[in-house]
Amino acid sequence: MRMVQPQERVTGAHRHASGQLFGAMRGLLSVAADSGQWVVPASHCVWVPPHHVHALRSHGPFAGWSVYVDETGCAGLPAAPCVMRVSGLLREAVGRASTWGEDGSDALDARQVRVAGVILDEIAAAPHEAFGLPLPTDPRLLRVARAVLDDLADERGVEALAAWAGVSLRTLARRFIIETGFAPSAWRQRARILRALELLAAGQPVTTIALDLGYDNVSAFIAMFKRVMGVTPGRYGEGHGSESSNIGI
């Protein structure tokens, strides 16, 4: 099934019996799950195993794809939601599969079964990437994380946040690394980067984004973005589309 999506699309929290792989061809997709949240550009995709609760949102015009895998076909695939880079082979196989079902038939012929096998092999083989934003599970740390997400321009330091949450600075710093893989300051920087990706996809000017994220020096924001992402925010934000495809395997 193909679907024109010239504006934002929001899908509330849900789960289904099938596994799902989805990503963007152009535009940006944010994904929330119990274990964390991710913002996914066109170079990456997200795998969600069967029965895992997740919510989706596109930011600005979006061109994307989605592959559904029957629960019986998920054996050997990742057992937890994860972000992975889209290989050229996976992109081509998904593109081929995007036309399936246009004649109203759900059955796959022998050729389609082979293409479906390639897609499953690529999901199983793709290396996982820490591209998203993991949330901590400790209630005190989670309170800090949600406060940061609620106001990314907040300039309070880690010491002030620890005191506000009723946790020692040492415990906050140590547990944050254990539970998320990031120090608190690095986690906040990553949250700002992911928010910047959303705003870029929505067409916001770089200056506006920098100010919204608490930077009074636009050059500092651009330098930070380029250091993390490898390109300037202006170059990253180029190109958006409007078509989405759903495929069942």
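In the predicted model, phenylalanine 176 counts as buried, at 1% relative accessibility. Tryptophan 187 likewise counts as buried, with a relative accessibility of 1%. Phenylalanine 176 belongs to helix α5, whereas tryptophan 187 belongs to helix α6 (residues 184–201). The structure holds four aromatic pairs, and phenylalanine 176 and tryptophan 187 form one that is edge-to-face, with 5.7 Å from centre to centre and 75° between the planes. Eleven residues separate the two partners, and their pair links distant parts of the chain.

A further aromatic pair involves phenylalanine 221 and phenylalanine 225. Their ring centres are 6.1 Å apart and their planes stand at 55°, so this pair is tilted. Edge-to-face pairs require planes over 60 degrees apart and stacked pairs planes under 30 degrees apart, which is why an angle of 55° places the two phenylalanines in the tilted class. Both residues lie in helix α8 (residues 218–229), where a spacing of four residues corresponds to about one turn of the helix. Phenylalanine 221 and phenylalanine 225 are both buried. The two rings also take part in a cluster, in which ring pairs link Tyr215, Phe221, Phe225 and Tyr236.

The chain as a whole comprises 249 residues, of which 45% are buried. Nine helices and nine strands are present. Of the contacts between residues at least 6 apart in sequence, 75% join residues at least 24 apart.

Contact between helices was examined for α1 and α2. Two packed helices are described by the angle between their axes and the distance between the axes. The axes of α1 and helix α2 (residues 110–125) come within 9 Å and cross at roughly 145°. The crossing of α1 past α2 is left-handed. On the α1 side, the residues in contact are Leu89, Leu90, Ala93, Val94, Arg96 and Ala97, and these meet Arg111, Val115, Val118, Ile119 and Glu122 of α2. By class, the contact contains eight nonpolar residues, three charged residues and no polar residues.

Valine 94, one of the α1 residues that meet α2, lies within the span of residues 88–97 that forms α1. Its relative accessible area is 4%, and valine 94 is therefore buried. Valine 94 is also placed 7.7 Å from tryptophan 65, C-alpha to C-alpha, although 29 residues separate the two along the chain.

Four salt bridges are present in the structure. Side chains of opposite charge can pair when their charged atoms come close. One of the bridges joins the side chains of aspartate 138 and arginine 140, with an N to O distance of 3.1 Å. Aspartate 138 is buried, with a relative accessible area of 13%, whereas arginine 140 is partly exposed, with a value of 35%. Another bridge joins aspartate 154 to arginine 156, with 2.7 Å from N to O. Aspartate 154 counts as buried at 14% relative accessibility, while arginine 156, with a relative accessible area of 29%, is partly exposed. Buried residues have under 20% relative accessible area, so aspartate 138 at 13% is assigned to that class, and so is aspartate 154 at 14%.

A further salt bridge is formed within helix α5 (residues 169–180). The side chains of glutamate 179 and arginine 175 meet there with an N to O distance of 2.9 Å. Because the two residues are four residues apart in this helix, about one helical turn separates them. Arginine 175 counts as partly exposed, at 25% relative accessibility. Helix α5 is also the helix that contains phenylalanine 176, the partner of tryptophan 187 in the aromatic pair.

Glycine 214 occupies a position in the loop between α7 (206–212) and α8. The relative accessible area of glycine 214 is 27%, so this residue is partly exposed. Glycine 214 and aspartate 151 are 63 residues apart in sequence, yet their C-alpha atoms are 9.2 Å apart in space. When residues up to four places away in sequence are not counted, glycine 214 touches Ala153 and Glu155.

Terms used. Residues are numbered from 1 along each chain as its sequence is written. This is a predicted model: local features need pLDDT of at least 70, side-chain atom pairs count only at pLDDT 80 or more; totals for chains, interfaces and linings use all residues. Side-chain values use heavy atoms; hydrogens and water are left out. Buried means under 20% relative accessible area, exposed over 50%, partly exposed in between (1.4 Å probe, protein chains only). Axes are lines fitted to C-alpha atoms, for helices over the stretch in contact, and angles run from 0 to 180 degrees between N-to-C directions. A crossing is left-handed if the near helix is turned anticlockwise from the far one by less than a right angle, and right-handed if clockwise. Contact means heavy atoms within 4.5 Å. Ala, Val, Leu, Ile, Met, Phe, Trp, Tyr, Cys and Pro count as nonpolar, Asp, Glu, Lys and Arg as charged, and the others, Gly among them, as polar. Rings of Phe, Tyr and Trp (its six-membered ring) pair if their centres lie within 6.5 Å; planes under 30 degrees apart count as stacked, over 60 as edge-to-face and the rest as tilted.
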